[in-house]
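Me: I've got a protein model open and I keep tripping over the words people use for it. Can you walk me through some of them?

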Amino acid sequence: MRYFVGLDVSLKKTAVCVVDEQGKVIREGFAETEPAMLDVWLKETGLAFERIGLEAGPCSSWLYRELTATGWPVTCIETRHAKAAMQAQNIKTDRNDARGIAQMMRTGWFRPVHVKGEACQKIRAIMTARRCLLDKRIDIENHIRATLRNFGLKVGAVTLTSFEARVRELMEGDGDLEACIAPMLEVRNKIHEQFRTLENMVMGVVRKDETCRRFMTVPGVGPLTALAFKTAIEDPRRFNKSRNVGVHLGLTPRKYASGEVDYNGRITRCGDFFAREHLFEAAHSMLVRSKKWSALRAWGMRVAKRSSISNARVAVARKLSVILHRMWIDGTDFRPGKETPNAALAA
């Protein structure tokens with residue numbers, strides 16, 4: 001007899017359900033969301049499990065690593081797929097969700113998710129922390145601008161370094177405004193200081209990484225895009241075809257075909273948002289800012305002419321994901337292609 005387990009993970013407690021190959025519930029209960037406690041709960045059953053499933057979430061990678069190291073056959077399943085599979089349940093509880101995941105493990109109707117290694121996740125943590133500080137600094141600057149605007153004081157176009165001097169110039173002699181704005185300027189300076197620290201850490205990782213340096217031979221692809229793509233994919237060999245990377249990152253259109261209705265929608269936007277966002281920025285940089293000719297840029301400009309620059313960015317971002325993956329597999333630098341006499345006009 002084969003047995004399957006579903007784990008519905010929350011911050012404090014995890015609902016556990018064990019079913020047999022006929023779908024009958026053998027045992028269910030709750031355990032603390034700790035690998036050691038879950039290990040004890042599973043061992044107490046005295047059963048050998050075919051598959052143990054848990055849904056992707058904040059604690060899933062940690063539990064996956066620890067339980068896998070213990071020897072349990074753990075599978076992390078895709079969140080959207082799990083939600084769609086359990087929508088038929090009229091009552092949503094942690095107990096019912098654990099039952100639903102267990103049945104998914106039994107039937108095999110699930111999509112496994114690649115769980116990144118700890119080193120890869122630490123690099124991504126540095127990048128997201130850097131982005132968080134950048135967003136907070138911009139929020140503070142916008143708040144200062146809005147506050148001063150209420151009194152007819154316009155900061156205008158300034159650089160990163162001249163922002164504080166301009167603000168202090170505008171509120172000079174107004175003690176009330178200085179008492180309000182000065183603390184925010186101090187916080188802004190501290191945030192920017194720590195932002196630079198994380199920025200240097202990111203750049204240090206990129207400088208030491210041969211793959212990232214190879215990615216940066218593509219016009220428009222900078223250090224952040226290179227590292228975001230590398231940490232999103234982690235292992236290029238898990239994709240049989242390079243074109244599947246675009247699907248994985250949500251850069252392909254939705255498809256609806258039923259009866260006589262058949263149309264393509266907007267891109268799916270599934271997968272790693274962080275990597276997809278940076279690929280959009282790289283595509284925009286290639287099309288708008290970069291002056292280097294390449295077959296990819298010429299193709300993107302043709303798409304922009306017959307459609308829109310927005311659609312061209314999406315199309316180029318998808319092709320970039322495919323090209324970067326193939327460069328990674330082959331260990332080659334970017335090849336712009338052979339420029340034809342009419343290439344400048346085509347671009």
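Reply: Sure! Helices are DSSP runs of H or I with at least four residues, numbered from the N terminus. Keep in mind that this is a predicted model.

Me: What makes the place of Asp97 a helix?

Reply: Asp97 sits in H4, which covers residues 94-107. A helix needs a run of at least four residues, and the run 94-107 meets that, so H4 counts as one. The chain has 14 helices, along with 7 strands.

Me: Why is Asp97 called buried or exposed?

Reply: Its relative accessible area is 6%. Buried means under 20%, so Asp97 is buried.

Me: How do you know that the side chains of Asp97 and Lys92 make a polar contact?

Reply: The distance between them is 2.4 Å. The cut-off is within 3.5 Å for a pair of N or O atoms, so this pair fits. Leaving out residues up to four places away in sequence, Asp97 also touches others, including Asp8 and Met86.

Me: And Tyr263, why is that one called partly exposed?

Reply: Tyr263 has a relative accessible area of 46%. Buried is under 20% and exposed is over 50%, so 46% lands in between. Tyr263 lies in strand S7, residues 261-267, and joins Tyr256 and Val261 in a nonpolar surface patch of about 310 Å².

Me: What radius of gyration does the chain have, next to a compact globule?

Reply: The chain has 26 Å, whereas a compact globule of 347 residues would be near 20 Å. Its C-alpha trace spans about 75 × 65 × 45 Å along the principal axes.

Methods:
Residues numbered from 1 in each chain as written. Predicted model: local features only at pLDDT ≥ 70, side-chain atom pairs only at ≥ 80, totals over all residues. Heavy atoms only, no water. Patch = residues over 30% accessible without salt bridge, like charges linked within 9 Å, V, L, I, M, F, W, Y side chains within 5 Å. Areas by Shrake-Rupley, 256 points an atom, 1.4 Å probe, with all protein chains shown as cover. Salt bridge = Lys/Arg side-chain N within 4 Å of Asp/Glu carboxyl O. Helix = DSSP H or I, 4+ residues; strand = E, 2+ residues; numbered from the N terminus. Buried < 20%, exposed > 50% of the residue type's maximum accessible area, 1.4 Å probe, protein only. Rg over C-alpha atoms; globule rule 2.2 N^0.38 Å. Polar contact = N/O pair within 3.5 Å; in protein donor to acceptor, adjacent residues only side chain to side chain. Contact = heavy atoms within 4.5 Å.
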